[in-house]
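Me: I should like to go through this structure term by term, setting each value against its definition. Please state the cut-offs as they arise.

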Amino acid sequence: MSKALDNLRLYAGVVRRVGYTLTLGMLNSGSRDELLKLYNSYNGHSPSGQDTPVDPFIIPKTDVFELFGNDTAAYEGVYECGFGHTTEFELKVISNLVKKWNPRRIFEIGTFQGRTTLNMALNSSADTEIVTLDLPADELDATKMEIEEGEVRYVKKEVSGERFIGHPAAAKIRQMFGDSASFDFTDYASSVDVAFIDGSHAYEYVLNDSEKVLTIMRRGGLMIWHDYTNWPGVWTALNELYQKDVRFRGIRHIGGTSIAILTI
Ligand SMILES: C[S@@+](CC[C@H](N)C(=O)[O-])C[C@H]1O[C@@H](n2cnc3c(N)ncnc32)[C@H](O)[C@@H]1O
């Protein structure tokens, strides 16, 4: 009986997910990737019966920095990305921005595995402090505002920051846990040179995080948002800030990425 119930729950979950992916999800690059993977899994059987790899792109990667020779940043795990991560190119752009800004303090909202946190650590000075705030899985039901259903999977994880834990660069990283809507930012007032906003992608949260982060920025600092082109909550909130709030009039979208930036 419980097996039948489990199957029914699984079936209902799949129907809900597919419904979202084929409708609203089409606006979201993560969902489009999922569709492509599903398509490949249905069409990826060779005549011999052996599965072909899901990812058909076997040609080695290069990118604009390698082509033009002006990428001076150092990386780890740049190509080990999937759902919930910045792309390879975005990670390189962020790393180079961090190098250029030479920050004394970095503040990140949304640690996840810590891939971007680690690369920001690798591209800043030995005495830079990187503070990274993450919502713990056991506080998922206690957030001040609602997060998106599609991002629950990034909150539910065994370890936050697994990419940097045990790494020598982790000495520069301070992990904080909590909900960005309840977190007390006052200790960091006017002290942050680079901020990376990549927590909840819900509209209300993007507004909250943008407003709170603005209070901790030092003059001349750089605010970076991820997923501007990926999540409706992010582009709606950022478009609104850009159009209606003079403090955000200088936001720019870096072409070819989902990154938006603002120099304070
Ligand atoms: C897309 S992942 C971040 C990816 C990461 N910045 C990177 O570049 O690899 C989103 C993260 O935001 C966290 N998060 C979601 N809602 C949050 C909230 N209200 N406050 C703090 N963190 C939140 C999730 O737990 C998750 O780890």
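Me: Which residues does N123 touch, not counting residues up to four places away in sequence?

Reply: N123 touches A73, A74, S95, V98 and K99, where contact means heavy atoms within 4.5 Å. The model is a predicted one: local features need pLDDT of at least 70, side-chain atom pairs count only at pLDDT 80 or more, and totals for chains, interfaces and linings use all residues. Residues are numbered from 1 along each chain as its sequence is written, and side-chain values use heavy atoms, with hydrogens and water left out.

Me: Why is N123 called buried?

Reply: Buried means under 20% relative accessible area, exposed over 50%, and partly exposed in between, with a 1.4 Å probe and protein chains only. N123 has a relative accessibility of 7%, and therefore counts as buried. N123 lies in the loop between α5 (115–122) and β2; helices (H or I, at least four residues) and strands (E, at least two) are DSSP runs, numbered from the N terminus.

Me: What makes the pairs formed by the side chain of N123 polar contacts?

Reply: A polar contact is a pair of N or O atoms within 3.5 Å; within protein, one must be able to donate a hydrogen and the other to accept it, and residues adjacent in sequence count only if both atoms are side-chain atoms. A polar atom of the N123 side chain lies 2.8 Å from the backbone nitrogen of A74, and one lies 2.7 Å from the backbone oxygen of N119. Both distances satisfy the limit of 3.5 Å.

Me: Is S190 buried, exposed or partly exposed, and why?

Reply: The relative accessible area of S190 is 47%, so S190 is partly exposed. S190 is found in the loop between β3 (173–177) and β4. Its phi is near 50°, a positive value in a residue other than glycine.

Me: Which residues come nearest to the ligand?

Reply: G110, T116, D134, S180 and D198 come nearest, out of the 22 residues around the ligand; a residue is near a molecule or strand if one of its heavy atoms lies within 4 Å of it. By class, this shell has 6 nonpolar, 11 polar and 5 charged residues. Here Ala, Val, Leu, Ile, Met, Phe, Trp, Tyr, Cys and Pro count as nonpolar, Asp, Glu, Lys and Arg as charged, and the others, Gly among them, as polar.

Me: What polar atoms lie 2.7 Å apart between G110 and the ligand?

Reply: A backbone N or O atom of G110 lies 2.7 Å from a nitrogen atom of the ligand. An oxygen atom of the ligand is 3.0 Å from a polar backbone atom of F112, and an oxygen atom of the ligand is 3.1 Å from an N or O atom in the side chain of K157. Taken alone the ligand exposes 600 Å², of which the protein buries 99%; accessible areas come from the Shrake-Rupley method with a 1.4 Å probe, and for residues only the protein chains shown count as cover.

Me: What makes a set of residues a nonpolar core?

Reply: A nonpolar core is a set of buried Ala, Val, Leu, Ile, Met, Phe, Trp, Tyr and Cys residues joined through side-chain atoms within 4.5 Å. The largest such core has 29 residues, and those with the most contacts inside it are F107, V213, M223, W225, L238 and F248. Elements that each supply at least two residues of this core include β1 (105–109), α7 (203–216) and β5 (217–225). A second, separate core of 19 residues includes L118, F164, A169 and F196.
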